[in-house]
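Open the model in your viewer and keep the selection box at hand. Each stop below tells you what to select and what is there.

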Amino acid sequence: MIHAPIAESPFVPPLITGTDDRVALDVLFRSLVDVCRRHQPELEAVLRGQADIAGLSPELTARALQVRGIWFQLIAIAEQNTAMRRRRHVEREAGRDRLKNSFSAVLARAAARGVPAETVHALLASLRVRPTLTAHPTEAKRVTVLEKFRRIYLILKELEMPRWTERERQALMDDLRDEIELVWMTGELHLEKPTVDREVAWGLHFFDETLFEMLPETLASLEEALESAYPGARFEVPAFFQFGSWIGGDRDGNPFVTAEVTRRTLRQNALASLRRYRDRVDGLARSLSVSARALPVTDGFAAALADQLAAQPDGGQIAQRNPGEPYRHFLTCLSRRLAATMGGLEENGSEPTGPGYADADALIADLRALEGGLTAAGCPSLAANRVRPVRRMVEIFRFSTVRLDIRENTTRTTRALQALWHRTHEGEPPDVDAPSWMQWLEAELARPLNGPPDLSGLPEEARETLATFRLVAEMRGSLDREAFGAFVLSMTHSVPDILGVYLLAKTAGVFLDAAGTEICPLPIVPLFETIDDLRAAPAIMRALLKVPVVRRSARQQGGVQEVMIGYSDSNKDGGFVASNWELAKAQRLLTQVGEQAGIGIAFFHGRGGSVSRGGAPTARAIAAQPPGSIRGRFRTTEQGEVVSFKYANRGTAAYQMELLASAVLAHALDGAAPGTPAANPEFDDAMEALSGASRAAYARLLTHPDLVTYFGAASPLDEIALLNIGSRPARRFGARSLADLRAIPWVFAWSQNRHGITGWYGVGSGLKSLLDVRGEAGRALLRRMFSESPLFRLIMDEVEKTLLTVDLSLARDFAGLCPDEGARETVFAMIEAEYRLTCAMALAVSGDRTLAERFPLYRGRLAERLPVLDPISREQVNLLRRFRAETDETAREALKSALLLSINCVATGFGATG
């Protein structure tokens, strides 16, 4: 997009109002141009779209790519700012219950459909929503850059305010320009691969900036919506929304995550929450300067205060300070106890003076006592508006901030089990699929332990695996009972795989009983990733839920067995349609297995940011889940750039959390309402046919003997690893094969080379096959499915959006990087033919004239970006060719910087890496 020249006279930013982003974009663009003129005036024409970057030196190319990347970030900030203004406009003009996907809208609809308050009350008691942050390497922005973009967003908010004078608005413009200048001068690329500790700090950044404060407000928003939809009814909203994390706990293929790293992670997570609680408690102490003369203290609170003062070594001195202000005295004691708790966790921390808190429950009880004291004394408003939000915060985040999952793969757990087997057996252990292996596991699980675990004599790898379980046992007792979420077992293929983890937990002392035969309090969650694994999952879980120790443990964990399903690997394995259909079928069948076993199955959705890794509009993705598969319990991964997009700013974070929670609530309420639609056998049959035909077409590409050669050469697959955006290696076991390649670099590389096959390949063949067999009846059926099936409609919508990002001209330029002419022409011809077929079939199904015609906002966003992105993609081809051919290290380093910035820039422009 070409931008007109900017006048040289001083610019006073106008008031940012309305429901479009033009004013915000103009303000941001002017600021960026000013910075460009100051530091690199020769790039102004490039920024305006009046000159190309081709032919520039590597150093100047890198600068040009950086400025383009900054502009993409500023566009995203303007769009978030505009989206918030649109939501406020709807709420002002029509009321909150007209705000789509809000709690108010969902509950108003439920009340209108006749869902009684008793049903809602019961659902709230079992509601569990847990987005889980992962450190998957899909985030290219450093924390220091995220902080600067956050400040830019806040300045835009200030420019919405009409109260500022012209002079003050110019000062805000200066602040905005300064922040953009700081971004310009801050390196966006990670110069070295981040450590796990840095990834932990990255994750905690979002809690410090937004989540600690906004999540309690989200629960308060639900309370308001309940009062409005069901006046007169009383509801108790539990802390149903919590965050999980894999950062510092995911050791699947990441050798840098050890038991000691996980211990440090738990300590940092705990300290983050404790620091926030102490800040809030100190803030309450400053504000609650209530005199006992003005507000007499109840006997109950007086007794609670006396207990707190008696427990402090200098309780008498606390009482003498601010005399006659009992609530300040009480809060000072709480602050002292929090400081003592923190001192016990901090490395090189000072010796605690006075008692700390044994757990979060004790702090919650103290805050309830304060609430109750204020309410009983006649100040219910102060209790509700000042103290209750802090108590809510502690209930949500406890002494752990997040519920940390441990993840490991079956290859590693099996080796640890084999090491245990060798302690009492000679020779080689049985094959993991052999009946004798299962018999050994069952016998070991039934055998009582003879004292504390002895790990001596085990191989180092096995000791490390068991040390992680020992850490679980230790920290659940000493830090917080909810410090850990679950143990996620990657590459689960059988019942023995899962029972083996129970045995490792038992051996390390995790079980609640000393004998280690009754209950494992740590949920063991199998992860089914490939299509074959998804198909096997119902039989595996049916057999698993018959095992007594599993049943006892599930009952202790709330009567629920969690199962994780993988979107990324199933897509890489079978293509977009087959993955979505197999995931839906697995959820249906697993739900039935749980009902038959009397233990509910709750699903943990392993999604990524891109469409081909399960990314989709939140509310629609949840609505498309099979009926009865959620029932108020929903976990999903939040990865990389998705985390910063959703949670970097408070308003956006509040919206995203309410969106997720309300969608889960809506799915459960729709299932509770009369007249809930059942599955449609005709649609299911068509989906089965589409899935099979599309997977066959995808498999022909995936198994083509030239694909590996083509993919490696015609994409920046190897160069992506140089970005240093994650601590984890790109391959689980280091093998140079598509099977070992993780799904993230697979998707990332195909999006960079503008093929984008992971979000559409095989769809056209699947649709054509169905039409060839069924003719006009098939066409009519597809049209009905498009109108009536949430799953099929979601698939087709996301396919069309992805097709808009594909550019065959640019894809052919990337293909030209493949030196093998036979491989290049054969593979590209397959991709080109399938692309044209998929475009034609998508329009035949929708009846539209152009792709994604139904999404004008999405098309508008792409129209803003593609004229900038396309030249960058073309330059990336040139940079790849030169980088790969260059032998001089100095020149190669300069080319590398420009190349990585081009990858970063394209990822930022599209808003997703993998």
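**Stop 1: a pocket**

Start with the second largest pocket, whose volume is about 910 Å³. This is a predicted model. Select Arg 128, Arg 130, Gln 242, Glu 482 and Gln 557: of the 34 lining residues, these are the closest to the pocket's centre.

Now colour the elements around the pocket. Strand 1 (128-134), helix 13 (360-376) and strand 4 (484-490) are among those that give two or more residues to the lining. So are strand 5 (524-528), strand 6 (560-566), strand 7 (600-606) and strand 8 (633-639).

Which classes of residue make up the lining of this pocket? Colour by class to see 16 nonpolar, 6 polar and 12 charged residues.

**Stop 2: the largest nonpolar core**

Next, select Phe 241, Phe 243, Phe 484 and Leu 499. In the largest nonpolar core, which has 160 residues, these four touch the most other members. Add helix 8 (residues 196-229), which gives the most to this core, with 14 residues.

Zoom in on Phe 241. What does Phe 241 touch, leaving out residues up to four places away in sequence? Its contacts are Val 129, Pro 131, Leu 215, Leu 219, Ile 396, Met 657, Leu 660 and Ala 661.

Apart from the largest core lies another, of 120 residues. Select Leu 65, Val 183, Trp 750 and Leu 879, which are among its members. As a general rule, in soluble globular proteins nonpolar side chains tend to be buried together.

**Stop 3: Ile 622**

Select helix 23 (residues 618-623) and pick out Ile 622 within it. Is Ile 622 buried or exposed? Its relative accessible area is 2%; that is under the 20% cut-off, so Ile 622 counts as buried.

Show what surrounds Ile 622. Beyond four places in sequence, Ile 622 touches Ile 630, Phe 634, Leu 660, Ala 663, Val 664 and His 667. Draw a distance to one of these, Ala 663. The two residues are 41 apart in sequence, and their C-alpha atoms are 6.3 Å apart in space.

**Stop 4: two positive phi angles**

Go to the loop between helix 29 (743-752) and helix 30 (763-788), where you will find Arg 754. Phi of Arg 754 is near 65 degrees, a positive value in a residue other than glycine. Arg 754 is buried, with a relative accessible area of 2%.

Then move to the loop between helix 33 (821-846) and helix 34 (856-885), and select Ala 852. Ala 852 is not a glycine, yet its phi is positive, at about 55 degrees. Ala 852 is buried too, with a relative accessible area of 0%.

**Stop 5: across the model**

Select Leu 47 in helix 2 (residues 44-47). Leu 47 is buried, with a relative accessible area of 0%. Now draw a line from Leu 47 to Tyr 357. They are 310 residues apart along the chain, and 56 Å separates their C-alpha atoms.

**Stop 6: confidence**

Finish by colouring the chain by pLDDT. The average is 90, and 93% of the residues score at least 70. Where does pLDDT stay under 50? Select residues 611-615, for which the model has 27 contacts beyond four places in sequence. Residues 730-735 also have a pLDDT below 50, and this stretch has 24 contacts in the model beyond near neighbours in sequence.

Terms used: Residues are numbered from 1 along each chain as its sequence is written. This is a predicted model: local features need pLDDT of at least 70, side-chain atom pairs count only at pLDDT 80 or more; totals for chains, interfaces and linings use all residues. Side-chain values use heavy atoms; hydrogens and water are left out. pLDDT is the predictor's confidence in each residue, from 0 to 100. Contact means heavy atoms within 4.5 Å. On a 1 Å grid over the protein atoms alone, a cavity is a set of points where a 1.4 Å probe fits but cannot get out, and a pocket is an open set with protein on both sides within 12 Å along at least five of seven lines; lining residues have an atom within 4 Å of a point. Grid points are joined across faces, edges and corners, and a volume is the space filled by probe spheres set on the points. Helices (H or I, at least four residues) and strands (E, at least two) are DSSP runs, numbered from the N terminus. Ala, Val, Leu, Ile, Met, Phe, Trp, Tyr, Cys and Pro count as nonpolar, Asp, Glu, Lys and Arg as charged, and the others, Gly among them, as polar. A nonpolar core is a set of buried Ala, Val, Leu, Ile, Met, Phe, Trp, Tyr and Cys residues joined through side-chain atoms within 4.5 Å. Buried means under 20% relative accessible area, exposed over 50%, partly exposed in between (1.4 Å probe, protein chains only).
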